[in-house]
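This report walks through one structure for a reader who is meeting it here. The sequence and the structure come next, and the description follows them.

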Amino acid sequence: MKGDYMNAVIYTPSDAEYNLFARILREEAPDAQIIRDPDDGHFHCESELGFVVVSVDGAKGMELAIKHREINYKTMVVWITSDRYFAAMAIRYQVFEFLTRPFDEADFRAAVKRFLTGDIHPQYKLPVKPVGMVSAENL
């Protein structure tokens, strides 16, 4: 996706983080359509989302990041967590950007700019294969 259009959702329980992410997204892409996940216990993985920010710790954050990559592999996910040990999962599921807290605002902004300019490694544009699953033809 090149240009300054962006369709984004932000997952975070923190109002301060939401405001930071939304401000940066609007500064870099003034026409961005930004929504905040309602945190209602459901995954909102609309296929038209191009950019997803998951700033949720623990298994819930991991599930959100992975679910977005599995449902719509074209969605670029920025996953922010306090647990650096999730980096292996971020690599496995081809997460666009993985940041650990405390993170530098400049790193998040750089990820947004890379997305907007289309500076996306080809591996992040490929479908994600579920890990640990055996296909029927291999049985």
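## Two paired strands of the sheet

The model described here is predicted. A good place to begin is the pairing of strand β4, residues 76-81, with β5, which run in the parallel sense and are joined over four bridges. Within this pair, Val78 has Glu97 in β5 as its bridge partner.

## The sheet as a whole

These strands belong to an open sheet of five strands, arranged in the order β2-β1-β3-β4-β5 with parallel pairing. The edges are held by β2 (33-36) and β5 (97-100), and because each of them has a single partner strand, one side of each is left without a neighbour in the sheet. On average, neighbouring strands of this sheet are turned by 15 degrees against each other, with direction ignored.

## Strand β1 and its covered faces

Strand β1 is joined to β2 by four bridges, and the two strands run parallel; here Ala8 stands opposite Ile34 in β2. In a regular strand the side chains alternate between the two faces of the sheet. In β1 both faces are covered, with Asn7, Val9 and Tyr11 buried on one side and Ala8 and Ile10 buried on the other. Counted over the strand, five of the five residues of β1 are buried.

## Helices lying across the sheet

Helix α1, made of residues 15-28, lies across β1 (7-11), β2, β3 (51-54) and β4, and it runs at about 170 degrees to β2. Helix α2, made of residues 58-71, lies across β1, β3 and β4, and its direction is at about 170 degrees to that of β4.

Where in the structure is Gly61 found, and is this residue buried or exposed? Gly61 is part of helix α2, and because its relative accessibility is 0%, it counts as buried. Apart from its neighbours within four places in sequence, Gly61 is in contact with Val54, Val56 and Trp79. Gly61 and Thr81 are 20 residues apart in sequence, while the distance between their C-alpha atoms is 7.5 Å.

## The crossing of α1 and α4

Helix α1 also meets helix α4, residues 105-117; the two axes come within 10 Å and cross at roughly 40 degrees. That angle lies neither under 35 degrees nor in the range from 65 to 115, and the two helices are therefore oblique to each other. Their crossing is right-handed.

On the α1 side, the residues that take part are Leu20, Phe21, Arg23, Ile24, Leu25, Glu27 and Glu28, and they meet Glu105, Phe108, Arg109, Val112, Lys113 and Leu116 in α4. Sorted by class, this contact has seven nonpolar residues, six charged residues and no polar ones.

## Backbone details in two loops

Two backbone features remain to be described, one on either side of β5. In the loop between α3 (87-92) and β5 lies Gln94, whose phi is near 55 degrees, a positive value in a residue other than glycine. Gln94 is also buried, because its relative accessible area is 17% and the cut-off for burial is under 20%.

The loop between β5 and α4 holds Pro102. The peptide bond that leads from Arg101 to Pro102 is cis, with omega near -10 degrees.

Notes. Residues are numbered from 1 along each chain as its sequence is written. This is a predicted model: local features need pLDDT of at least 70, side-chain atom pairs count only at pLDDT 80 or more; totals for chains, interfaces and linings use all residues. Side-chain values use heavy atoms; hydrogens and water are left out. Two strands pair if DSSP finds at least two bridges between them. Axes are lines fitted to C-alpha atoms, for helices over the stretch in contact, and angles run from 0 to 180 degrees between N-to-C directions. Contact means heavy atoms within 4.5 Å. Buried means under 20% relative accessible area, exposed over 50%, partly exposed in between (1.4 Å probe, protein chains only). Angles under 35 degrees count as roughly parallel, over 145 as roughly antiparallel, 65 to 115 as roughly perpendicular and the rest as oblique. A crossing is left-handed if the near helix is turned anticlockwise from the far one by less than a right angle, and right-handed if clockwise. Ala, Val, Leu, Ile, Met, Phe, Trp, Tyr, Cys and Pro count as nonpolar, Asp, Glu, Lys and Arg as charged, and the others, Gly among them, as polar.
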